[in-house]
Every structure is written in C-alpha cells, then in structure tokens.
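Student: I'm new to this one and would like a close look at a single part, the sheet and what packs against it. Could you walk me through it?

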Amino acid sequence: MKKLSLRTRVLTGAVVVAALGAGTFGTMSASASAPAAAPAAVTADAADGNLQQSTHLTLAAATKAAQAALDAAKKENQRVSVAVVDRNGNTILTLRGDGAGPQAYESAVKKAYTAVSWNAPTSELAQRLANAPTLKDIPGTLVLAGGAPVTVKGAPVAAIGVAGAPSGDLDEKFARAGVAALTK
C-alpha cells in the first residue's frame with residue numbers, strides 16, 4: 001500500500017470530520033424542528049368566573065376623537081399633540097399637530113395616561129395636589145390640565161390627552177372636544 005502525504009492525510013481527516021459534523025448537525029436540526037404537542041384547548045364562556053369582559057375603544061373611534069381634538073385646537077390657532085390611550089394606559093395613537101413643540105408629544109401621552117388611571121380630568125387632579133402633594137410623584141403621570149377620560153357606564157375605557165397650547169385649560173378644552181366627538 002502506498003503511503004499518503006501529510007497534506008493528503010490532513011485533507012482526508014478534515015473531510016471525515018466535516019461529514020460527521022454535518023450528520024450530527026442534521027440529526028439535531030431534524031429533532032429540533034419536530035413540532036411540539038399542542039396544548040389542550042381550554043373552553044370557557046362569559047359566565048365563567050375566571051373571565052372578565054371589558055370595553056375598549058376601537059382604532060377608528062380613537063382616530064376620530066384624536067382628529068376632533070386636533071381640529072378644535074387648529075380652529076383656535078393652537079399647535080398641539082394629541083394622544084389616546086386605552087383602559088390600561090397603553091397608547092392607541094398619537095397625532096402631532098403641525099408646529100407642535102417637542103415636549104407636547106410625551107406630555108399628551110402622560111396626560112391621557114393620568115386621566116384614565118384616575119378616571120378624572122387632569123385639571124381635577126391638579127386641584128387635588130393641595131391635599132395630596134405626592135400625587136404628582138406617581139410614575140408615568142402628569143398632573144396638569146389637558147387629559148380627559150372616556151367613560152362607559154361610569155367606568156374608564158380610554159382617555160385623551162392634549163398638550164402644547166399655552167394653558168392647560170385650552171389643552172383640556174380640546175381633549176373634551178375629542179371625547180364629545182365619540183358621542184356623535
């Protein structure tokens with residue numbers, strides 16, 4: 001038998017190792033891609049004591065309300081941002097009006113979050129600061145006028161926040177215009 005050169009032996013060894021590695025990898029990949037058993041389906045109905053139903057604002061309704069608030073501000077030559085949040089304080093949408101300041105976007109979101117969290121206009125909460133000064137320290141809130149809750153049967157389902165006008169009273173006036181648009 002002829003003796004192979006060092007170079008040939010190294011190349012042959014590398015090919016064997018690569019083939020073994022590919023076979024092992026292929027086997028592992030095949031077993032990793034096997035579908036897991038699906039969990040059993042759970043059936044429940046609305047009468048189930050473990051479930052709770054809630055009302056949410058649709059994207060279309062949120063858009064209508066935000067646009068109405070923005071339009072009300074525009075009629076008064078105000079440059080604002082508008083935010084609409086759901087019952088849990090999650091942002092559904094924001095609209096930044098032409099020329100609105102950079103702080104208006106975040107302020108509008110926080111005002112909406114504050115209004116839905118407390119189920120009260122933020123101007124009322126600003127008045128409560130005299131008796132509860134730490135109210136302003138709650139993370140994510142902004143206790144300045146400009147947020148208005150959207151309620152159904154007294155319970156908050158969303159809120160609208162407006163920021164950017166020279167006064168919170170104007171911001172809240174525009175937020176209330178957005179809420180009013182939902183009843184039309």
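Student: Before we zoom in, among contacts in the chain between residues at least 6 apart in sequence, what percentage join residues at least 24 apart? After that, please take me through the sheet and its surroundings.

Tutor: That figure is 62%. Keep in mind that this is a predicted model.

Let's get our bearings. Going along the sequence, you meet the pattern α-α-β-β-α-α-β-β-α, which gives five helices and four strands. Of the 184 residues in the chain, 32% are buried.

Now for the sheet. The four strands make an open sheet with the order β2-β1-β4-β3, and the pairing is antiparallel. At the edges you'll find β2 (91-96) and β3 (147-152); each has a single partner strand, so one side of each has no neighbour in the sheet. On average, neighbouring strands here are turned by 15° against each other, direction ignored. In general, strands of a sheet pair through backbone hydrogen bonds, and they can do so parallel or antiparallel.

Take the β3 and β4 pair as a place to look. β4 covers residues 155-163, and six bridges join β4 to β3, with the two running antiparallel. Within this pair, alanine 148 sits opposite isoleucine 160 of β4. The loop between β3 and β4 holds lysine 153. Lysine 153 isn't a glycine, yet its phi is positive, about 55°. For background, most residues other than glycine have a negative phi. Is lysine 153 buried or exposed? With a relative accessible area of 84%, lysine 153 is exposed.

Next, the helices that lie across the sheet. Helix α3 (residues 102-118) crosses β1 (81-86), β2, β3 and β4, and it runs at about 155° to β4. Helix α5 (residues 168-181) lies across β3 and β4, at about 135° to β4. In α5 there are 14 residues, and the helix reaches 20 Å from its first C-alpha to its last, close to the 20 Å expected at 1.5 Å a residue.

Which residues of α5 are buried? They are Asp171, Glu172, Phe174, Ala175, Gly178 and Ala181. The cover over these buried residues includes α2, α3, α4, β3 and β4.

Phenylalanine 174 is a good spot to stop at. Apart from its neighbours within four places in sequence, phenylalanine 174 is in contact with Ala69, Ala72, Ala73, Glu76, Gln78, Val80, Val162 and Ala165. Phe174 also belongs to the largest nonpolar core, which has 22 residues; Phe174 is listed there among those with the most contacts inside the core, along with Leu57, Val80, Val82, Val84, Ile160 and Val162. So you've met Ile160 twice now: as the residue opposite alanine 148, and as a member of this core. At least two core residues come from each of α2 (59-75), β1, β3, β4 and α5. The largest share, eight residues, is supplied by α2. Separate from this is a second core of six residues, including Ala100, Ala104, Ala108 and Val109. As a general pattern, nonpolar side chains in soluble globular proteins tend to be buried together.

One last stop is the loop between α3 and α4 (122-128), where asparagine 119 is placed. Asparagine 119 is another non-glycine with a positive phi, about 50°. Its relative accessible area is 29%, so asparagine 119 counts as partly exposed.

Notes: Residues are numbered from 1 along each chain as its sequence is written. This is a predicted model: local features need pLDDT of at least 70, side-chain atom pairs count only at pLDDT 80 or more; totals for chains, interfaces and linings use all residues. Side-chain values use heavy atoms; hydrogens and water are left out. Buried means under 20% relative accessible area, exposed over 50%, partly exposed in between (1.4 Å probe, protein chains only). Contact means heavy atoms within 4.5 Å. Two strands pair if DSSP finds at least two bridges between them. Axes are lines fitted to C-alpha atoms, for helices over the stretch in contact, and angles run from 0 to 180 degrees between N-to-C directions. A nonpolar core is a set of buried Ala, Val, Leu, Ile, Met, Phe, Trp, Tyr and Cys residues joined through side-chain atoms within 4.5 Å. The expected span of a helix is 1.5 Å times one less than its number of residues.
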